[in-house]
Amino acid sequence: MTTHPEKQYLDLLTLLLETGSERVDRTGVGTKAIFGHTMRFDLSEGFPVFTTKRVYWKTAFKEMLWMLSGGHNIKELVEQNVHIWSDWPYKKFIDAQPEGSADKSIMMEEFEQRIITDDGFAKQWGDLGPVYGKQWRRWKTEDGQEIDQVSQVIDLLKNNPSSRRIIFDGWNVGELDQMALPPCHKHYQFYVDPNTNKLSGAMVQRSCDSYLGLAFNIANLAFITTLLAEQTGYGVGEIVWFGMDVHLYMNHIEQAKKQLSREPKAFPKLVIKRKPDSLFDYTIDDFELEGYDPHSAIPAPVAV
Ligand SMILES: Nc1nc(=O)c2c([nH]1)NC[C@@H]1CN(c3ccc(C(=O)N[C@@H](CCC(=O)O)C(=O)O)cc3)CN21
Ligand SMILES: O=c1ccn([C@H]2C[C@H](O)[C@@H](COP(=O)(O)O)O2)c(=O)[nH]1
């Protein structure tokens, strides 16, 4: 019997638990960390959305479609019931309110409600700065032009697939200080195997929350690779993930152990119900995961 590909992820959790160095981190939560790790998934063996806990794949896909659209305001996420980016703008808003003011104590629900209903408020407080979507689609050059890196990737895949420069990157050094968080999944690179005509995608993640973020990041790497393959006429090959500061937050240890006690189930199949003319015209309703039958969700707090 061959080993289930999800075993790579479970082995990473075990490695972190057993050998990770305890470190103090920016958030104050603390982590167990290792430096440098890789995993790979052959997409012909199924779509790599982990099964040992329920992964909210629609939330992940909505986030990826938002980034691909060039979005960088949480408004478009919150409108779609996606809350994973709200903590950072919320914290910034609360910190900026004067002591004792009514706004100092508003709850997240009210904050998100204002983001949705008040355009001015969303503009001022919902913007994450020039994060992923902005850099991917509209990287600003010195002479005031904008570079659409994702469209360049599509063009290279169609016209020069042996190029070793099929890359987009969110790490715009000159603008890091304007971002709510500097990009974690920073480098994307693609490769067409001339023998099989399959497209593979790799991603470098400088910093990895191995319990919460990673499940989303792997699913989304497989997602973008599959979408690019469909749009440019290739089959799907592998995804390759490179993690740098790979960590497990101290308040995720019990959850990780619980997850480790479970056996992986078969990976589902990504069904794309409609093929739009452009990579930028997909909507969440175009996707279904066939045969996704995960173990139950194991919630965990996110370190802000
Ligand atoms: N500490 C930290 N970890 C991250 O993974 C992370 C950040 N910060 N900051 C930016 C984004 C936001 N991301 C997040 C944030 C929260 C969840 C999360 O809470 N996931 C839950 C529930 C998801 C839902 O609301 O549907 C999960 O069980 O997967 C996942 C990814 C990934 N990134
Ligand atoms: O897609 C993402 C986005 C963020 N993360 C994690 C990695 C870290 O735990 C934090 C970011 O904190 P830094 O101090 O900026 O490294 O968010 C992730 O895993 N995946």
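Phe-223 is placed in helix H9, which covers residues 213–232. In this predicted model, Phe-223 counts as buried, because 26 C-beta neighbours lie inside 10 Å, and the threshold for a buried residue is 20 or more. Leaving aside neighbours within four places in sequence, Phe-223 is in contact with Phe-61 and Met-64. Asp-169 stands 54 residues from Phe-223 along the chain, and the C-alpha atoms of the two are separated by 17 Å.

The helix that holds Phe-223 may be considered next. H9 has 20 residues and reaches 28 Å from its first C-alpha to its last, close to the 28 Å expected at 1.5 Å a residue. The helix is mostly covered, with 16 of its 20 residues buried. Just after H9 comes Gly-233, which takes a positive phi of about 85°.

The two contact partners of Phe-223, Phe-61 and Met-64, lead to helix H2, where both are among the buried residues. H2 runs over residues 57–68; its 12 residues reach 16 Å from the first C-alpha to the last, close to the 16 Å expected at 1.5 Å a residue. The buried residues of H2 are Trp-57, Ala-60, Phe-61, Glu-63, Met-64, Leu-65, Trp-66 and Met-67. What covers them includes H9, together with helix H3 (75–78), helix H7 (132–138) and strand E10 (287–290). H2 is followed by Gly-70, whose phi is positive and near 90°.

From these two helices the view can widen to the whole protein. Its secondary structure comes to 10 helices and 10 strands. The radius of gyration is 20 Å, close to the 19 Å that the globule rule gives for 304 residues, so the protein is as compact as a globular protein of that length. Along its principal axes, the C-alpha trace spans about 65 × 50 × 35 Å. Of the 304 residues, 34% count as buried. Among contacts between residues at least 6 apart in sequence, 69% join residues at least 24 apart.

The domain assignment gives domain 1, made of 1–68 + 148–304, and domain 2, made of 73–128. Taken over C-alpha atoms, the centres of domain 1 and domain 2 are separated by 27 Å. The contact takes 9 residues from domain 1 and 10 residues from domain 2. On the side of domain 1 that touches domain 2, there are 6 nonpolar, 1 polar and 2 charged residues.

The ligands come next. Around ligand 1 there are 14 residues, of which Tyr-56, Ile-84, Asp-209, Gly-213 and Ala-303 come nearest. By class, the shell around ligand 1 divides into 10 nonpolar, 3 polar and 1 charged. Where does ligand 1 lie with respect to domain 1 and domain 2? Both domains give residues to the shell, so ligand 1 lies between them.

Ligand 2 is surrounded by Arg-26, Leu-181, Pro-182, Cys-184, His-185, Ser-207, Cys-208, Asp-209, Gly-213, Leu-214 and Asn-217. Strand E7 (198–209) and H9 are the elements that give two or more residues to this shell. H9 is thus the helix of Phe-223. The shell around ligand 2 divides into 5 nonpolar, 4 polar and 2 charged residues. Asp-209 and Gly-213 are named around ligand 2, and they are also listed among the residues that come nearest to ligand 1.

Two asparagines deserve attention for their backbone angles. Most residues other than glycine have a negative phi. Asn-81, however, has a positive phi of about 70° although it is not a glycine. Asn-81 lies in the loop between H3 and helix H4 (87–96). Is Asn-81 buried or exposed? Asn-81 is exposed, because 10 other C-beta atoms lie within 10 Å, where 12 or fewer mark an exposed residue.

Asn-197 also has a positive phi, near 60°, and is a residue other than glycine. Asn-197 is found in the loop between strand E6 (185–193) and E7. With 13 C-beta neighbours inside 10 Å, Asn-197 counts as partly exposed. E7, which borders this loop, is one of the elements that contribute to the shell around ligand 2.

Key: Residues numbered from 1 in each chain as written. Chains lettered and ligands numbered in written order. Predicted model: local features only at pLDDT ≥ 70, side-chain atom pairs only at ≥ 80, totals over all residues. Helix = DSSP H or I, 4+ residues; strand = E, 2+ residues; numbered from the N terminus. Rg over C-alpha atoms; globule rule 2.2 N^0.38 Å. Contact = placed C-beta atoms within 7 Å. Near = placed C-beta within 6 Å. Nonpolar A, V, L, I, M, F, W, Y, C, P; charged D, E, K, R; others polar. Domains from an automatic or database assignment. Expected span 1.5 Å × (residues − 1).
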